[in-house]
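Me: Could you take a close look at one helix in this model for me, and then move on to a small sheet and the cysteines? I would enjoy a connected walk through the details.

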Amino acid sequence: MLNKYQRAGVLLLGLFFILGSLCPAAAADDKSVCNEAAEIIEDNYVEPVSQDVLTAPTVKEMLKRLGDPYARYLTQEEYQEQLDSLDGNFTGVGIYITGSSEGVRILSVIKGSPAEKAGLRKDDVIVAAGEASLAGLDSDRAMEILRGSGGSTVTLEVKRGEQLLTVDVTRDNVEVPTVHLQMLDKETAYLGIDDFGQRTLEELEAAAESLKKEKASKWIVDLRGNPGGYLETAIDAAGVFMGEQPAVLVEERSTVDGYMASPASVVIEGPLVLLQDEYSASAAEMLAAALRDNQRALLIGKKTYGKGTVQQIFPLSNGDKLKLTIARFYSPAGEEINKVGIMPDIEVEDENCLAAASLLLSDNRDVACGSMIGLDLERYKVAVDGRVLRQARYWKAWADIVDGIGESPVCYGNESGWTELSDTERGHKWSFFYPGYEYMGEISEQDGIEINMKSVLNERYVNDFNIELINAGDGKRIKSDLQVMNEKILNCRPLEPLTAGEYWLVIHDTIRFADGQRLPQGQLAVVRIP
């Protein structure tokens, strides 16, 4: 049955740890614990379990037969370590990791941690720690090896690109907030959420209140590398961004319950862009889906991890815990998340995400639409000022956005309103930067780049404001000597040799001819250097 939406009060649906499936040998041999585990699994697992699983001789074998990568037996010490880690309190090296065949890949390095002090970086792969190989291990098992007492030193073998490095890291107590805040400009606020621990909601509300006092009116929420956490916290966090709205559907064996986000003590208003990547998982995916389905945020980045299952911690009589999948969760609109993930509205490479978000939130109040470029996405319409996107700091981000929108319509503003780019125009990369310009074709660079302007030029207007030579890859303007040859021939000679690549010679409609007339429309030629 489908229950009507209800408010989620206390934590009902467990934890969202991404863990392995290990079980201590001592617990595996304890018959009473094994019987307890079998009873818990039979009564609570998300779907009916076969007798083959329930009659396994040990808990270890039971979990193996269950085949659930998120079910795990936790000793008291392991359970406490997981809680401390989720809440940002632990002793170790200070990194977030994910397992891989080579070793463990660093998702992010905690600021001020021993790892940062030792020079470790995001995307480094830790191949070994001391004598222990980390190749093929899940993140939980690798973290057990990396952790140790404060003051102890671990020698790490690290692969960085093609380099193989040896790095000594001295472990220490690491306390890190789960929410990071920053004003990027006078209007745009950045909120990074590392995970959803017990302190996250309090930190998020305090950060939002602080940023609102600084007059933040546009928001970037960064969930990249966020592995999840408490379901209740993620639902409460949704309330900060969208108030009282449907947050998530949770399906147990025989029921589907819808949970509402409640208005938080502070509610963020204004345009919002959410950043995600392939390591955004579980509770992070719940929040992303909630904001997407309620049309509260534009999602950019990569498809998320795809963990749509809910785990609960069950106490055992010996003081240890059994973590078990008890439910699956879906977006408020009922879309599958588990093993599917959440696609962004615009796919953007990680290194361009922040610039892309800032660009999409930049001033778009050109009511005359004369300088605007509009994107007609499935759920949103976005307008970006062409004068802004052509700045070098946004150039690569805009190119990434263009690549990431697929076949979505693109329009540009002109005197008659909006004009959609034709298929022919979409075939030229430059059309997304300089729509409406006249294409002069490809020209060669020999003794300079020459263009026949067909009318006598006013040499006062021949300058690098009206005429630009641009590296199409990064938007860098190339310093050039501009000269008028035979009154109508424009010669552009780069002051330094051009490297291999594509360049655009852009002649804006601000240039004037000798009779005082302006160029009817901008013109652009492509220069390719082999």
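**A close look at helix α7**

Reply: Happy to. Helix α7, spanning residues 139-146, is largely enclosed by the rest of the structure, because six of its eight residues are buried. Please keep in mind that this is a predicted model. The cut-off behind the word "buried" is a relative accessible area under 20%. In α7, the residues that meet it are S139, D140, A142, M143, I145 and L146. The N-terminal end of the helix has a cap as well: D138 places a side-chain oxygen 2.8 Å from the backbone nitrogen of R141.

From the helix, let us turn to the sheet. Three strands form an open sheet in the order β26-β29-β28, and their pairing is antiparallel. At its edges are β26 (449-452) and β28 (480-485), each of which pairs on one side only. From one strand to the next, the twist averages 20°. Strands of a sheet pair through backbone hydrogen bonds, in either a parallel or an antiparallel arrangement. Here, β28 runs antiparallel to β29 (residues 489-494), and six bridges join the two. Within this pairing, D481 stands opposite R493 of β29.

Finally, the cysteines. C492 has a relative accessible area of 1%, so it is buried. C353 also counts as buried, because its relative accessibility is 1%. As for disulfides, a search of the whole structure finds zero.

Methods
Residues numbered from 1 in each chain as written. Predicted model: local features only at pLDDT ≥ 70, side-chain atom pairs only at ≥ 80, totals over all residues. Heavy atoms only, no water. Buried < 20%, exposed > 50% of the residue type's maximum accessible area, 1.4 Å probe, protein only. Helix = DSSP H or I, 4+ residues; strand = E, 2+ residues; numbered from the N terminus. Polar contact = N/O pair within 3.5 Å; in protein donor to acceptor, adjacent residues only side chain to side chain. Disulfide = S-S within 2.5 Å. Pairing = 2+ DSSP bridges. Axes fitted to C-alpha atoms, helices over the stretch in contact; angles between N-to-C directions.
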